[in-house]
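Student: Could you take me through the surroundings of the ligand in this model? I would like a close look at that one part.

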Amino acid sequence: MHVVIIGNGVAGMEAALQIRAEAPDAGVTLVSEESDHFFSRTALMWVHSGQMSHRDIEPLERDAYVRHGFTRVRGRVVSLDAASKRLTLGDGETLDYDKLLIACGSRPRPGPWRGSDLRGVGHFVTLQDLEWYERELHGGPSHAGRPPRPDQHVPSSRPDSPYLPREAAAEARGSLSKRPAVIGGGLIGIEAVEVAHGKGLHPHFFIRDEWFWPMAIDATEAAWITERMRAHGVHVHLQHEVEHLEGDAQGNLTAVVTNHGRFEVDCAVVAIGVVPNTQWLADSGVALDAGGGVVVDAQQRTNVPDVFAAGDCASVRWSTGAQRPEQLWYTGRDQGRVAARAMLGQTGHAATYRRPTWYNSAKLMDIEYTTVGFVNMNQPGEREWFFEERGAVRSTTRIVHTDTGVIGFNLLGRRWDHSVLMEFIDAGRSLAYVLDHLHEAAFDTELVPPLVLPREAR
Ligand SMILES: Cc1cc2nc3c(=O)[nH]c(=O)nc-3n(C[C@H](O)[C@H](O)[C@H](O)COP(=O)(O)OP(=O)(O)OC[C@H]3O[C@@H](n4cnc5c(N)ncnc54)[C@H](O)[C@@H]3O)c2cc1C
């Protein structure tokens with residue numbers, strides 16, 4: 001059997017490894033337009049900030065393809081002929097499969113405004129975005145020990161590819177960015193802000209909403225994060241709708257114009273979300289949801305025989321009944337494993353994807369952040385227990401619960417072991433039980449005084 005996997009991100013690579021573990025003789029070909037090697041997209045900011053080298057964010061040894069007997073094809077898939085089980089690449093080459101896994105991830109949502117194609121405007125999602133943003137802010141790679149990456153440009157790439165290298169305004173102008181901007185208040189946005197701040201700059205941060213990241217954070221929590229951003233010199237602009245971007249005669253970005261005025265900037269990261277990377281499937285017969293996600297069932301099967309999808313590009317069924325992609329690292333990993341087993345003809349529990357309890361953690365400026373379960377999801381009958389600590393440690397504890405038990409946690413300022421919090425949710429623990437046992441999830445570093453919760457809170 002020959003399995004072709006489009007994408008060597010976490011979903012594609014986990015699927016390949018699973019197939020190899022269970023079917024030593026299967027042929028496995030991985031096609032990737034973006035990079036030769038699997039890397040951790042979640043760690044782009046650490047490379048930009050110079051704290052890690054590019055090699056540091058590659059989870060596997062570079063000989064992984066050889067050791068596991070995977071064939072690597074570096075190029076862009078441009079069409080699928082499902083009837084003849086054939087893929088066509090940008091350079092005209094074709095690739096036949098017995099089973100196909102589409103794991104082609106997300107691309108940044110482009111700015112809808114006039115001027116979004118000016119030099120100096122970019123994103124922070126792909127490796128090519130990282131290289132561009134490094135050149136704007138640092139004039140080149142930010143990590144001195146980073147090895148050069150040959151073969152970065154794939155000739156078969158098309159002009160609309162999110163993996164094309166692009167010019168930097170810093171080079172055209174002959175000076176590095178001094179007034180960067182980030183448009184879009186979510187996780188990728190704040191990471192783009194943080195790396196600019198790490199470079200000693202004072203970026204403008206344009207957020208359309210009333211507060212930062214309303215999808216995940218409430219008004220009180222966001223007020224604290226905004227306070228920290230401002231204390232670090234970030235110009236946070238809340239409730240600013242971008243109207244257009246302005247450039248000079250040479251096509252370099254010069255300003256962001258919002259409903260509140262004109263702001264001079266020389267570089268802008270557009271971080272207004274990502275969309276499935278699936279335009280090339282338009283005429284393939286593979287069913288897509290309204291947002292372009294590849295619709296799959298619980299075995300990661302599409303509507304087309306022998307074609308599966310996993311990761312950011314796959315539209316899965318949520319526990320709320322909605323059908324849409326989950327753009328998360330660990331769910332992509334899990335979906336890749338399930339798809340591999342299903343492609344090998346397995347059935348049952350191991351070949352069935354069940355959305356696990358959601359979790360994520362990050363550091364937002366200097367504030368630790370952990371979220372688990374249903375938060376800001378307006379679940380029926382939900383109530384919130386909230387406590388703000390302002391002592392030797394500043395923290396907020398928000399626990400979402402219903403009559404059936406605790407369903408979510410949003411925790412800022414301290415470190416928590418998400419696996420313990422997941423157990424509380426999965427076991428249907430009551431709020432009273434969780435308050436008594438929350439210390440079991442504490443993951444603070446040595447010498448940090450423990451959190452003492454009052455019995456009553458908001
Ligand atoms: C800055 C940033 C921070 C993040 N932080 C977090 C976090 O804290 N926690 C979390 O859970 N998630 C986070 N995410 C999301 C997470 O990184 C993604 O959900 C995950 O990497 C998606 O993996 P994937 O394998 O589905 O796709 P991808 O990693 O996008 O891989 C898809 C691959 O497909 C290939 N490809 C695409 N189209 C084609 C084509 N036509 N032909 C050939 N090859 C193609 C490309 O080579 C690409 O590398 C973050 C994302 C970003 C950008």
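Tutor: Happy to; here is a walk from the ligand shell out to the parts that build it. Keep in mind that this is a predicted model. The ligand is surrounded by 36 residues, and the closest are Gly7, Gly9, Glu34, Gly105 and Gly311. Sorted by class, the shell holds 17 nonpolar, 13 polar and 6 charged residues.

Which helices and strands each supply at least two residues of that shell? They are helix 1 (10–22), helix 6 (187–198) and helix 8 (329–343), together with strand 2 (27–32) and strand 22 (359–364).

Two of these helices also pack against each other. The axes of helix 1 and helix 8 are 7 Å apart, at an angle of about 40°, which makes helix 1 oblique to helix 8. The crossing of helix 1 with helix 8 is right-handed. On the helix 1 side, the contact includes Val10, Ala11, Gly12 and Glu14; on the helix 8 side, Trp329, Gly332, Arg333 and Gln335 are among the residues involved. By class, this contact has 8 nonpolar, 5 polar and 4 charged residues.

Now for the domains. The assignment for the protein chain lists domain 1 (2–33 + 75–107 + 275–351), domain 2 (110–272) and domain 3 (359–441). The ligand lies between domain 1 and domain 2, because both give residues to the shell around it. The centres of domain 1 and domain 2, taken over C-alpha atoms, are 30 Å apart. Their contact takes 9 residues from domain 1 and 9 residues from domain 2. The side of domain 1 that touches domain 2 has 1 nonpolar, 4 polar and 4 charged residues.

Methods: Residues are numbered from 1 along each chain as its sequence is written. This is a predicted model: local features need pLDDT of at least 70, side-chain atom pairs count only at pLDDT 80 or more; totals for chains, interfaces and linings use all residues. A residue is near a molecule or strand if its C-beta atom, placed from the backbone, lies within 6 Å of it. Helices (H or I, at least four residues) and strands (E, at least two) are DSSP runs, numbered from the N terminus. Ala, Val, Leu, Ile, Met, Phe, Trp, Tyr, Cys and Pro count as nonpolar, Asp, Glu, Lys and Arg as charged, and the others, Gly among them, as polar. Domain bounds come from an automatic or database domain assignment. Axes are lines fitted to C-alpha atoms, for helices over the stretch in contact, and angles run from 0 to 180 degrees between N-to-C directions. Angles under 35 degrees count as roughly parallel, over 145 as roughly antiparallel, 65 to 115 as roughly perpendicular and the rest as oblique. A crossing is left-handed if the near helix is turned anticlockwise from the far one by less than a right angle, and right-handed if clockwise. Two residues are in contact if their C-beta atoms, placed from the backbone, lie within 7 Å.
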